[in-house]
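What follows is a short walk through one protein structure, from its sheet to its two domains. Please keep the sequence and the model in view while reading.

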Amino acid sequence: MYATLLTEISQGTCIITINRPDKLNALNAQVFTDIENAVDEIQNNPEIKSAIITGAGTKAFVAGADIAEFAGYTKEEAMSLSKRGQDIFFKIENSKKPIVAAVNGFALGGGCELAMACHFRLASENAKFGQPEVNLGLIPGYGGTQRLTQLIGKGKSMELHMTAHLMDANEALQLGLVNHVTTADTLLERTKDILQIIHTKAPVAISKVIDCINTAVVNNTDQSGYDKEVQSFGDCFATEDMKEGTTAFLEKRKANFSGK
Ligand code: COA
């Protein structure tokens, strides 16, 4: 039904598996379209009470935006991509039904941003989280500068964005980025069990909890942080360092930044 997702409904939970394991489930334009349609389906299908987002294979949840797609993007195209990614992740964040990330490996860049847009997160022991965009001469473009700061606080968010440090699952647990760490084998079952508890509660009350808690951390009348991220993401695409960073990744070598 979806080109890049596998979906399955089990006991009222729709399990969405991002399915590009050969590219570590990187987010390209088709994945975005598919996620958007799947989130609409979750809202509209009365059989579905909640959803889980996870990644195919044993290595990655999502290793980021598809860096190969960045080549040749103008600043304006990059800004549109960033805005589109943000809008789809807002749809997840504002879903009336719970959407939980089951992070089963690398959740980097756009993958960490996708997990953070979900209502909460569980991680397997081999999960790794980070916003490594500065390695590419970039910054996050899908809300990472905003949501990581909301979830773990300003100082830690600054350090993680600036160093591109990859957190392991226990570090993510300590910082409050994930709620539980499980073995790889039990990740999905544990996530489903929590959702089964939520399914016994009143659906309207659950949707009001989501709305009110989102309002506590996101000032709905002021999107200026997200807007600044779109602009700044675009600005990076006009630099030589972004070209060097993304080319170096695709050529599997270390980037040599000039500051231009
Ligand atoms: N975009 C596009 N392709 C990606 C990708 C991404 N974000 N992440 C991984 N891939 C691809 C690799 O290019 C490789 O493809 P190939 O086999 O055709 O060469 C394949 O997925 C496997 O990745 P590889 O790098 O060989 O695996 P690894 O185990 O050596 O390293 C990571 C794993 C996650 C550390 C590494 O892939 C990585 O750093 N990815 C990018 C993370 C990132 O910067 N994300 C933010 C993007 S804005």
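Two strands are taken to pair if DSSP finds at least two bridges between them. The model shown here is predicted. With that definition in hand, take β1 and β2: the bridge partner of L6 in β2 is T17. In total, 6 bridges join these two strands, and β1 and β2 run antiparallel. They form a hairpin with 2 residues between them. In the turn of this hairpin, Q11 has a positive phi of about 45°.

Strand β2, residues 13-18, also pairs with β3, here in the parallel sense and again through bridges, 6 of them. T13 has S50 as its bridge partner in β3, and I18 has G55.

How many residues of β2 are buried? The count is 6 of its 6 residues, so the strand is mostly covered, buried meaning under 20% relative accessible area. The cover is on both faces. T13, I15 and T17 are buried on one side, while C14, I16 and I18 are buried on the other.

These strands belong to an open sheet of 6 strands with mixed pairing. Its order is β1-β2-β3-β5-β7-β10. β1 (5-10) and β10 (180-182) stand at the edges; each has a single partner strand, so one side of each is left without a neighbour in the sheet. From one strand to the next, the twist averages 20°.

Beyond β3 (50-55), the chain passes through a loop to β4 (60-62), and G57 has its place in that loop. Is G57 buried, exposed or partly exposed? Its relative accessibility is 49%, which is why G57 counts as partly exposed; the cut-off for exposed is over 50%. G57 and T17 are 40 residues apart in sequence, and their C-alpha atoms are 9.5 Å apart in space.

The protein chain as a whole is divided into domain 1 (5-199) and domain 2 (203-250). The C-alpha centres of these domains lie 13 Å apart. Where they meet, 36 residues of domain 1 are in contact with 25 residues of domain 2. Between them the domains bury about 2,500 Å², with 69% of this area on carbon and sulfur atoms. The count of salt bridges between domain 1 and domain 2 is 1. K75 and D235 meet through their side chains in a salt bridge, at 2.9 Å from N to O.

Methods
Residues numbered from 1 in each chain as written. Predicted model: local features only at pLDDT ≥ 70, side-chain atom pairs only at ≥ 80, totals over all residues. Heavy atoms only, no water. Helix = DSSP H or I, 4+ residues; strand = E, 2+ residues; numbered from the N terminus. Buried < 20%, exposed > 50% of the residue type's maximum accessible area, 1.4 Å probe, protein only. Axes fitted to C-alpha atoms, helices over the stretch in contact; angles between N-to-C directions. Domains from an automatic or database assignment. Contact = heavy atoms within 4.5 Å. Buried area = accessible area lost by both parts, 1.4 Å probe. Salt bridge = Lys/Arg side-chain N within 4 Å of Asp/Glu carboxyl O.
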